[in-house]
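Okay, thanks for coming, everyone. Let me put the structure up, and then we can walk through it together.

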Amino acid sequence: MGEFSVIAIRSVDLGVPDVARAETFYTESWGLAVAVRQGGVVYLRATGREHHVLALHPHHRSEILSVSFRVAAGETLSQIATAVTTVNGRIIEAVGPNGEPDGGLVLKVLSPEGYVLRFHHGDVLHDYKDTRCSCPYRMSHVNLNCADIKATSHFFQNALGFKLTDRSKAMAFLSCNQDHHSIVLADSGVNGLNHVAFMMPDLESVMRGSGRMIDNGFPIGWGVGRHGPGDNVFAYFVDPFGFVIEYTAEVLQVGEDYQAHGPDYWVWPAGRTDHWGIAPPKPSYVKQAQLAIHFATPKVDNKSLRSETGGPLSS
């Protein structure tokens, strides 16, 4: 695969049992805005040009449905499909027109771990940026729980072209552009979603956004603090449906000359949980929420799963 076959993380699709309540939370408290509604799904935009960063689907329980990425060229989609099937992933939907309102071409795959991943090219962008202040302006990263962090890290690097930027004792940080990380893998012993992070314009926006959340009855779950790997500011919350979400800002920008560090480097003094030393220990309810969300099983007939070349896939 070429360098940075994937060029950006774009959006996340969540399944929730009450879409109306979720829309109210993510617009009035979290700071997103409705881009469009279609087929019972609510697509929410940030203040940047992305068509949407979050899609809320009616679902019988809280689950993550997919994580979406953007690629630079249309032919990259077929290359990713081939690479994914080579490492025992599956094609859920082959490369084709995207029927959702963001348009373009899309490929939908199932990773060996059961992560549902979508890859987009030529999708719609907004002509303007939203002028609202202290609100998310794009997706920052998604943190995924892993049963086998070594194998999952190899999948993202070898099949999708991500680069390992740092490795702490508990996590692997992977980049697909100049952001220090767009995917984080947590060595948690299970596969699923750990949390979703939304990029804020700056530290002031993180603080003001956190204040808005508190005003609306949603306390900070962990933070405010500054991470070690990535050097980004953070404030974690748990939404009404159990998803852990993060405001973040000031993510380290990395180039070819960035020196990745290992677990022995990323060590805090006893009792410290962030770079500044001011974030309190993460409470148990946040830790539990970070392990509770799983990927929904795609509703497809296994017999219909085909590789891009038309051959059957192994189960």
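So, to start with, how many bridges join strand β7 to β8? There are 6 bridges, and the two strands run antiparallel. One thing to keep in mind as you look: this is a predicted model.

Let's stay with that pair for a moment, with β7 covering residues 105-110. If you want to find the register, L110 has V116 of β8 as its bridge partner, and L107 stands opposite F119 in β8. The two strands make a hairpin with 5 residues between them, and in that hairpin G114 takes a positive phi, near 100°.

On to another neighbour of β7. Strand β6 is joined to β7 by 5 bridges, again antiparallel. Here you can look for G96, which sits opposite V106 in β7.

Okay, zooming out to the sheet. We have 8 strands in an open sheet, and reading across, the order goes β2-β3-β4-β1-β5-β8-β7-β6, with mixed pairing. At the edges are β2, which is residues 33-38, and β6, and each of those pairs on one side only. As for twist, neighbouring strands are turned by 20° against each other on average, ignoring direction.

What packs on this sheet? Helix α2, residues 75-86, does, and the strands touched are β1, β5, β6, β7 and β8. The direction of α2 makes about 10° with that of β7. If you follow the chain out of this helix, the loop between α2 and β6 holds N88. Have a look at the backbone there, since N88 is not a glycine and still has a positive phi, near 70°.

Now for aromatics. Searching the whole structure gives 15 aromatic pairs. One of them is F69 with F119, a stacked pair at 5.5 Å centre to centre, with 20° between the planes. These two come from distant parts of the chain: F69 is in strand β5 and F119 is in strand β8, 50 residues apart. And yes, that's the F119 we just met, standing opposite L107.

Right, next sheet. This one also has 8 strands and is open, and the order is β10-β11-β12-β9-β13-β16-β15-β14, with mixed pairing. Why is one side of β10 and of β14 left without a neighbour? Because β10 (163-167) and β14 (222-226) stand at the edges, and each has a single partner strand. The twist here averages 20° from one strand to the next.

For the pairings, let me take two. Strands β9 and β13 are antiparallel over 7 bridges, and in there N143 stands opposite H195 of β13. Then β10 and β11, also antiparallel, pair over 4 bridges. Those two form a hairpin with 3 residues between the strands, and the bridge partner of R167 is A172 in β11.

There's a helix on this sheet as well. Helix α3, residues 149-158, lies across β9, β10, β11 and β12, and runs at about 165° to β12.

One backbone detail before we move on, and please do click on it. The peptide bond from G223 to V224 is cis, with omega near 0°. V224 is in strand β14, so that puts us in one of the edge strands I mentioned.

Last topic, pockets. The largest pocket has a volume of about 900 Å³. Which residues lie nearest its centre? They are A170, M171, W222, W268 and K282, out of a lining of 33 residues. By class, that lining splits into 14 nonpolar, 13 polar and 6 charged residues. In terms of elements, β9, β11, β12 and β13 each supply at least two lining residues.

The second largest pocket holds about 280 Å³ of space. Its lining has 15 residues, and the closest to the centre are L65, A296, T297, P298 and K299. Two elements give two or more residues to that lining, namely β5 (63-71) and β6 (90-97). The class split here is 7 nonpolar, 3 polar and 5 charged.

That's my tour, so let's leave the model up and talk.

Definitions and conventions. Residues numbered from 1 in each chain as written. Predicted model: local features only at pLDDT ≥ 70, side-chain atom pairs only at ≥ 80, totals over all residues. Heavy atoms only, no water. 1 Å grid on protein atoms, 1.4 Å probe; cavity = no way out; pocket = protein on both sides within 12 Å on 5 of 7 lines; lining within 4 Å. Points joined across faces, edges and corners; volume = space filled by probe spheres on them. Nonpolar A, V, L, I, M, F, W, Y, C, P; charged D, E, K, R; others polar. Pairing = 2+ DSSP bridges. Axes fitted to C-alpha atoms, helices over the stretch in contact; angles between N-to-C directions. Contact = heavy atoms within 4.5 Å. Phe/Tyr/Trp six-rings, centres within 6.5 Å; stacked < 30°, edge-to-face > 60°.
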